[in-house]
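I have opened my notebook for this one and will jot down what I look up as I go. Pull up a chair and follow along.

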Amino acid sequence: MDFEPTIVSFLCNWCSYTGADLAGTSRMKYSPNIRIIRVMCSGRIDPTFVLEAFKNGADGVLLCGCHPGDCHYQSGNYKCLRRYNMLKKYFVQLGIRPERIRLDWISASEGKQFANLADSFTETIRHLGPCKIKNVIETYT
Amino acid sequence: MEEIKIGVYVCWCGTNIAKMVDVDQVVDQIKFLPDVAVARNYKYMCSDPGQDMIIRDIKQHHLNRVVVAACSPRIHELTFRKALAKAGLNPMMFQMANIREQVAWVHTDREKATKKAVSLVHAAINRVKWHESLDKRTIEVNPATLVIGGGVAGMSAALEIANAGKQVYLVEKSKKLGGYAAQLDLTFPHFYSARQLIKPMIRHVEDHKNIRIFKPMQINQIFGYMGNFQSTLQLANGDETKLKFGNIIVATGLQPFDPSEITSYNYGKLPDVVTSLEFEKMLAKGRIETCEGKEPKNVAIIHCVGSRNANYHEYCSRTCCMTALKFANQIRSALPESNIFDLYADMRSFGKGCEELYTQTSRKNVIFLRFDQQNGLPEIRSTNGEEAVSMLIEFTEQFSKEQVEVPADLVILMVAMESHADAKDISHIAGISMCGNSFFIEKHPKLDPVATTSDGVFIVGTCQAPKDIPDSISQAKAAAARVLATIHVGTIEVDVITATVNEDICCGCQTCVSVCPYKAISFNKEKGVSEVNEILCKGCGTCGSTCPTGAIRSRHFTDQQILSQIQGLLSPDNKFEKM
């Protein structure tokens with residue numbers, strides 16, 4: 001059977017979640033592998049949330065916030081960007097491919113862009129194959 | 001601790017959800033999860049019978065948590081929270097799973113969509129277990145209103161509020177009130193003089209005891225939240241004045257499209273190619289003439305300049321067709337012997353009295369010619385004095401499909417409306433969003449076209465979308481009514497989803513102080529811990545994700561709530577069983 005990746009996505013309430021809703025109201029189609037969790041701001045995305053997702057079997061994590069300069073809370077997306085860069089370095093040490101996490105900016109009007117992003121990220125993760133970190137944790141703890 | 005009892009309701013939304021998600025299967029999959037006391041599916045959960053079902057179950061089964069899997073929480077979260085409150089439950093003991101906008105409407109495989117829906121509902125069930133009762137905070141609404149922009153829309157809103165006896169601060173960027181409409185000559189479809197409409201309005205605003213005007217003045221920052229905003233203005237004499245207000249009406253208006261982008265029109269190169277706004281000024285001066293001061297024999301009007309074309313703006317600017325007909329009438333009266341050519345793509349004459357204006361104009365010996373707005377924009381070229389006319393306009397006429405050359409001594413380009421160049425800055429200052437083409441986004445495109453997602457901030461006039469004067473005024477007065485309603489009630493209730501510090505485990509590192517964009521967190525030196533000012537905190541939660549000890553809780557978005565949501569989302573129990 002083909003590998004169907006499981007992807008957890010954290011979306012900010014004001015831009016990205018609204019953009020994902022717009023993809024729905026516009027009836028755009030994208031792959032069902034993305035499961036969305038809403039936070040008020042991408043600045044709320046604690047690195048432990050991302051790690052928890054991988055620990056529980058996610059194959060990829062997608063973070064989305066407002067475009068630079070457009071954050072509803074002024075600068076939360078910049079803080080998200082910093083944590084994202086830190087996480088990618090940390091992932092290398094953990095043995096998780098850094099491509100398994102992606103940060104992108106989706107505005108409230110970018111339903112199409114969200115649908116495209118969901119599809120392209122799903123393909124990236126499909127290509128990488130299943131993330132084995134959950135098995136590793138279960139074996140060694 | 002009391003036993004957790006969760007009611008789970010899966011909505012069909014008619015066929016919207018039920019067509020792509022097997023709602024029976026979703027209920028079957030989650031009804032045995034721990035703490036789920038009731039699980040049902042129903043045709044329309046948001047309907048009165050749907051809500052009554054929840055209320056009845058809460059009372060009958062002593063539910064203390066509710067999950068509804070339906071549309072986006074941005075649409076009906078409030079509806080269901082109110083139902084909980086009606087049943088005597090704290091409204092925050094509720095969680096929604098978005099299985100319409102983010103499942104049923106975007107997927108095509110029913111099995112996969114159903115499995116995803118099960119995951120989302122499982123996540124919501126996990127999360128709601130950790131929800132806690134939160135009280136609303138009642139805040140008083142400052143009765144003053146800030147209006148940004150002194151055009152027709154801004155002035156109408158200001159007058160409406162001021163006439164109700166409430167204070168208005170009207171901030172205008174330029175030296176004069178009146179905005180774009182004050183630059184027009186006559187208005188369509190009745191040919192009222194714009195100046196005669198606008199001038200009394202300006203005088204009313206300037207003389208009104210409840211309106212304080214600041215011009216020329218720019219707003220640089222606004223602090224606070226609905227009911228209690230404040231801003232500091234830098235006056236020309238170097239002084240500062242601090243304003244406090246409860247609501248904001250944004251009326252920053254439009255700017256005309258610059259047609260020099262469209263090379264085939266040669267605007268800026270051919271001196272007798274003018275924009276609609278330049279022609280208005282010519283009419284206001286009282287003489288239609290070429291750059292050499294001669295009466296034009298042939299006048300051409302070109303529609304949709306910068307509108308309805310993917311290279312410029314995809315939207316229709318709504319007012320240009322009727323303005324073009326108004327021009328044709330004015331030219332016909334001023335120059336009875338002239339030839340008038342109206343080059344249009346589609347004639348859009350919606351609105352009261354507009355189709356009548358079209359009929360009336362078509363009897364005035366105006367030659368209407370249709371061009372292809374997507375692939376065949378007309379080309380204007382100079383005859384270099386070799387012919388009797390100064391310019392020729394070449395295009396394929398769409399009814400005859402013939403290549404035609406239209407003579408012209410004067411060409412009027414009906415330029416598109418764009419949102420104002422300052423719109424981006426204003427969106428940051430007022431905390432509102434813009435849609436793809438730089439107009440501000442309304443709270444709901446159909447049901448709430450005046451409000452924005454930021455409570456207490458309203459958008460009126462052409463900053464929301466292209467529109468004519470009556471539409472701008474209607475919208476302005478609607479916003480004024482909304483503002484007056486909040487002032488009349490005097491208080492509003494807001495959710496307390498602010499951050500809070502557990503002083504026992506705060507280590508005093510002050511990282512939270514450094515990341516807070518609202519300076520809402522300060523360090524208490526005596527206690528050695530951080531403190532949150534709940535009035536300033538807007539609940540973004542970035543302090544919560546930076547705190548190394550976990551001392552900061554972002555209410556309603558706590559670590560525990562989100563982590564358990566992730567676990568539910570990825571639970572190996574989420575599956576689809578073929579029946």
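**Entry 1: helix α1 of chain A**

I started just past a helix end: α1(A) is followed by A:R27, whose phi is positive, near 55°. A reminder to myself before going on: this is a predicted model.

Next I asked how many of the residues of α1(A) are buried. I found 9 of the 10, so α1(A) is largely enclosed by the rest of the structure. I wrote the buried ones down: A:S16, A:Y17, A:T18, A:G19, A:A20, A:D21, A:L22, A:A23 and A:G24.

What covers the buried residues of α1(A)? From chain A, the cover includes β1 (7-12), β2 (34-39), β3 (60-65) and α4. Chain B joins in as well, with its own α3 and α4 included in the cover.

I then took the pairing inside chain A. The axes of α1 (residues 16-25) and α4 (residues 111-128) of chain A come within 7 Å and cross at roughly 95°. An angle from 65 to 115 degrees counts as roughly perpendicular, so α1(A) is roughly perpendicular to α4(A). From α1(A), the residues that meet α4(A) are A:G19, A:A20, A:L22 and A:A23. Their partners in α4(A) are A:G111, A:F114 and A:A115. By class, I noted 5 nonpolar and 2 polar residues in this contact, and no charged ones.

**Entry 2: a helix pair across the chains**

Here I looked at helix α2 (residues 47-55) of chain A against helix α14 (residues 559-569) of chain B. Their axes come within 9 Å and cross at roughly 20°. Angles under 35 degrees count as roughly parallel, so α2(A) is roughly parallel to α14(B). I also recorded the hand of the crossing of α2(A) and α14(B), which is right-handed.

Which residues meet there? α2(A) brings A:F49, A:E52 and A:A53, and α14(B) brings B:I562, B:L563 and B:I566. The residues of this contact divide into 5 nonpolar, no polar and 1 charged.

**Entry 3: the side of chain B that touches chain A**

I widened the view to the whole contact between the chains. I have 40 residues of chain B in contact with 38 residues of chain A. In chain B, α4 (100-104), α5 (110-128) and α14 each supply at least two residues of the side that touches chain A. Which of the elements gives the most? It is α14(B), with 7 residues. By class, I count 15 nonpolar, 17 polar and 8 charged residues on this side of chain B.

**Entry 4: chain B overall**

Chain B has 579 residues, and 48% of them count as buried. I listed 14 helices and 28 strands in chain B. Its C-alpha atoms fill a box of roughly 95 × 70 × 40 Å, taken along the principal axes. Among the contacts in chain B with a separation of 6 or more, 70% come from residues 24 or more positions apart.

The domain assignment divides chain B into domain 1 (1-134), domain 2 (145-253 + 420-492), domain 3 (257-417) and domain 4 (498-554). I picked domains 2 and 3 of chain B for a closer check, and their centres, taken over C-alpha atoms, are separated by 33 Å. Where the two touch, 12 residues of domain 2 are in contact with 20 residues of domain 3. The domain 2 side of that contact has 5 nonpolar, 4 polar and 3 charged residues.

**Entry 5: two single residues in chain B**

I first looked up B:A39, which is found in strand β2 (residues 36-42) of chain B. Is B:A39 buried or exposed? I found 21 other C-beta atoms within 10 Å, and 20 or more make a residue buried, so B:A39 is buried. Leaving aside its neighbours within four places in sequence, B:A39 is in contact with B:V8, B:V27, B:I30 and B:K31. I also checked B:A39 against B:G150: they are 111 residues apart in sequence and 55 Å apart in space, C-alpha to C-alpha.

My last stop was B:G88, in the loop between α3 (73-86) and β4 (94-98) of chain B. B:G88 is exposed, because it has 9 other C-beta atoms within 10 Å. From B:G88 to B:N142 I noted 54 residues in sequence and 31 Å in space, C-alpha to C-alpha.

Methods
Residues numbered from 1 in each chain as written. Chains lettered and ligands numbered in written order. Predicted model: local features only at pLDDT ≥ 70, side-chain atom pairs only at ≥ 80, totals over all residues. Axes fitted to C-alpha atoms, helices over the stretch in contact; angles between N-to-C directions. Helix = DSSP H or I, 4+ residues; strand = E, 2+ residues; numbered from the N terminus. Parallel < 35°, antiparallel > 145°, perpendicular 65-115°, else oblique. Left-handed = near helix turned anticlockwise from the far one by under 90°. Contact = placed C-beta atoms within 7 Å. Nonpolar A, V, L, I, M, F, W, Y, C, P; charged D, E, K, R; others polar. Domains from an automatic or database assignment. Buried ≥ 20, exposed ≤ 12 C-beta atoms within 10 Å, placed from the backbone.
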